[in-house]
Amino acid sequence: MSSSDASLRWASKHIDLVQKIEPRPEETASKLALSQRNLDRARTALHDGALDQAVICAEAAMVNAADAVIASAGYRIRGKSGSHLARFAYPGLPQPFADDALAVSATRRARNRAQYEELGSVSEALATESVRAAARLVEAAEQG
């Protein structure tokens, strides 16, 4: 099975969330720049001890990095319920996305808790790992 077949199956499975677009290098570059900016924000927040903010920005960097890869393949994820799962299930994501799947999930849960439920809920260890995982994913997206 080709990667094109896998992408088509993925798009069909997530038909309510995935939109086919014309790949545009400038859109991919913009998403990569945003992923780097959010990674820089995550690193600054971690350095400053703002652990909740570090996780929030790390998760945004992960999402931006995945969206850059997806956009380069000619797809866009609509911001609806289930979009996070569809995004990280895209079969064309570089290997580090699969390698860091647990870190992505832990970061997402911590981001939800920090942003919507409980101030100060993020440990330093989790924030550090979230920022490191985000850095790996941003780098993987940049390398294509």
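The exercises below, each with a worked solution, deal with helices and a pocket in a predicted model.

Residues are numbered from 1 along each chain as its sequence is written, and side-chain values rest on heavy atoms, with hydrogens and water left out. Local features need pLDDT of at least 70 and side-chain atom pairs count only at pLDDT 80 or more, whereas totals for chains, interfaces and linings use all residues.

**Exercise 1.** Work out what span α6 should have, and set it beside the distance between its end C-alpha atoms.

*Solution.* Helices are DSSP runs (H or I, at least four residues) numbered from the N terminus, and the expected span of a helix is 1.5 Å times one less than its number of residues. Step one: the 17 residues of α6 should therefore span 24 Å. Step two: the end C-alpha atoms of α6 are 23 Å apart, which agrees.

**Exercise 2.** Decide which residues of α6 are buried, how they are placed around the axis, and what covers them.

*Solution.* Buried means under 20% relative accessible area, exposed over 50%, and partly exposed in between, with a 1.4 Å probe and protein chains only. Step one: Ala103, Val104, Thr107, Ala110, Arg111 and Ala114 of α6 are buried. Step two: these residues cover an arc of only 135° around the axis (taken from the directions from the helix axis to the C-beta atoms), so they lie on the same side of α6. Step three: the face turned away from that buried side carries the exposed residues Leu102, Arg109, Tyr116 and Glu117. Step four: the cover over the buried residues includes α3, α4 and α7, where contact means heavy atoms within 4.5 Å.

**Exercise 3.** Describe the burial of α3 and α7, and state which glycine follows each helix.

*Solution.* Step one: α3 (residues 51–72) is mostly covered, as 19 of its 22 residues are buried, and Gly74, with a positive phi near 95°, follows α3. Step two: the buried residues of α7, among them Val131, Leu137 and Val138, pack against α2, α3, α5 and α6. Step three: Gly144, whose phi is positive and near 80°, follows α7.

**Exercise 4.** Characterise the largest pocket by its volume and its lining.

*Solution.* A pocket is, on a 1 Å grid over the protein atoms alone, an open set of points where a 1.4 Å probe fits, with protein on both sides within 12 Å along at least five of seven lines; lining residues have an atom within 4 Å of a point. Step one: the volume of the largest pocket, the space filled by probe spheres set on the points, is about 220 Å³. Step two: 13 residues line the largest pocket, with Phe88, Leu93, Phe97, Ala101 and Val104 nearest its centre. Step three: α4, α5 and α6 each supply at least two residues of this lining.
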